[in-house]
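I opened my notebook for a fresh look at this one. I wanted a friendly walk through one corner of the fold before turning to the whole chain.

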Amino acid sequence: MSFRVRVFVLVLLVAVAAIGATAWLTFGLASRQIADSQAAATRHVVDTAETVRAYARRHGTWRGVSERVRLLSDDSHQRIRLVNLYGQVTVDTDHLAHRAARPVVNPPTLIDPRPTLKIPNDLTEVQLGPGARTQDPASTKAELFTQTAIDRYRRTQLFARCLVERFIEPPPLSQDWFGVPFAADKVVDDRDCQQQTTGQAEWDRAGDVTATKACRTEDVPQDCLVKAFGDRVATFSPEPLQLFLGAVDDDAATLVGRPTVIAAGGILVLALIGTALIARNVSRPVRSLTAASRRLADGHLDTRVPPVGSGELGQLSTSFNRMAQALEVAEAAQRRLVASVAHELRTPLSNLLGYLEALQDGVLPPSRELFASLHDEAQLQRRILDDLQDLTLAESGHLTYRRVDFDLCDLVEAARVAHLAVAEAAGVRLTAEVAGPLPVHGDQDRLRQVLGNLVTNALRYTDAGGAVVLRAFPEEGRSVVEVEDTGCGIEPADLPFVFQRFWRADPARDRATGGSGLGLTIARQIVLDHDGTIDASSTPGVGSTFRVTL
Ligand code: ADP
């Protein structure tokens, strides 16, 4: 699986887990809230149903119930919906709040405004009173009781409805013998309504008598009378309604489920896009690094990757570029070394070949001087090869050192004595100024090689009449050796290169002096291996000073 896909899958898994956990929490909390709200609805349903039913009985109509329902809803914080048995909405607080009615899921409660007639077992004591207007002599007392109850309730309802139509609040109801609510006629003195009600009530009385008499043939006439009462009052009572109650009508699944799914889907899409972008951003530098390393492996050492910020990938890119540059530099150095070695060896070899061919062809007669010259050329080649071997060993850390304790002043004095003859031959004054003893721990032979190289150079680049001074002295707890000459000096621009292999200030002149261009490079490596430093200072035309600190 590619790096990009792995990052993508990983981030996606985290996103899905986070979304799932959030959705689960939200769903759980919402479900609990909905359950609480449903419990509250159950608590309120009895009161609400009773209040709404009392309204219908008192007003004889559902007209104007909206206002009462609105007040009830405000008090109980419940959504209230009243629907008749045919599904027609009488009132819905969602409509009153000017919004679309939400679907209902709670079971409805039936509100039937009709009262239930209660017929006492013993009717002997019952006085039918002024309401008993039917007084049908052929009826039993129970029948008369029922007829009276129907008649009183009818007049109560018709009178209340008439008042409502005239925008008059009907009077409160009281309970009578029959368990039927009624209003005393005179509480609201409205003659028109009283006349109208009396007229309409008269009209239905014959039906009441017939309905109650029909119960005589029944096994339980009392139950039949109760039913007859209900049937008769149904014709003028407000129709039964279904009451739906609930602060929230949706169940948890539809209420929270859908929004949660939509939100989770949205977040998931965002997570997908974000993840794809992150994966691309992360994988792009990785891919470019992979491609760059392939190119590098194929030998394109000039390959570099564009920097990508300062993060881990940025650091990786920088390291890669540094590595590529180091490889490029190393390869260039190697190429230069091979070219230099070839060049260095070719000159003495050409000389040798030239002389040998001239001897062979008889162009030059063999002489002692000629053989001496040939010997010099061969010597030079061997020195170059020896120096190269030393340098390679030193640079790879394989040059072995036999370290002992010795006095550096002795080494300086020995070097002076060793080069005295050469100095005299060159007409250069060679002196030493030592402030010993200077005890050091190191490889005497290798340090002698270093000093010898410095003195040889000093004598080589100093004309007759000049002077070379060797100094050895302590400085800040370290031992210092200086080789100062009054030679031609080194140009400031050339000074940084004197320790580079095969570097010479003036190749033509040096060719004549027979240097390999490796002496100072080897000297520096030996000094570094002794934890020391070597540096050069020079003024062209005045002289140079090489200083070794151990
Ligand atoms: P070489 O064997 O050619 O002397 P070195 O590595 O010892 O090689 O020196 C490198 C170059 O540094 C020389 O070719 C010369 O140009 C310059 N150099 C070294 N020592 C001195 C000196 N004392 N005075 C002037 N130039 C010097």
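Entry 1, the turn. I started at the hairpin of β12 and β13, where three residues sit between the strands and glycine 541 takes a positive phi near 85°. I keep in mind that this is a predicted model.

Entry 2, the hairpin strands. I looked up how β12, residues 533-539, pairs with β13, and found seven bridges in the antiparallel sense. Threonine 533 has threonine 549 in β13 as its bridge partner.

Entry 3, the other neighbour. Which strand else is joined to β13? I found β11, residues 478-485, which runs antiparallel to β13 and is joined to it by five bridges. Here valine 483 stands opposite phenylalanine 546 of β13.

Entry 4, cover. Is β13 mostly covered or mostly open? I noted that six of the seven residues in β13, residues 543-549, are buried. As a reminder to myself, side chains in a regular strand alternate between the two faces of the sheet.

Entry 5, the whole chain. I counted 13 helices and 13 strands in the protein chain. Its C-alpha trace spans about 180 × 55 × 40 Å along the principal axes. The radius of gyration is 61 Å, while a compact globule of 550 residues would be near 24 Å. I also noted that 42% of the 550 residues count as buried. Among contacts with a separation of 6 or more, 72% come from residues 24 or more positions apart.

Entry 6, surface and charge. The protein chain exposes about 30300 Å², with carbon and sulfur atoms supplying 58% of it. I listed 59 positive and 68 negative side chains, and the centres of the two sets lie 8 Å apart.

Note on methods:
Residues numbered from 1 in each chain as written. Predicted model: local features only at pLDDT ≥ 70, side-chain atom pairs only at ≥ 80, totals over all residues. Heavy atoms only, no water. Helix = DSSP H or I, 4+ residues; strand = E, 2+ residues; numbered from the N terminus. Rg over C-alpha atoms; globule rule 2.2 N^0.38 Å. Buried < 20%, exposed > 50% of the residue type's maximum accessible area, 1.4 Å probe, protein only. Contact = heavy atoms within 4.5 Å. Areas by Shrake-Rupley, 256 points an atom, 1.4 Å probe, with all protein chains shown as cover. Lys, Arg positive; Asp, Glu negative; His and termini not counted. Charge placed at Lys NZ, Arg CZ, Asp CG, Glu CD. Pairing = 2+ DSSP bridges.
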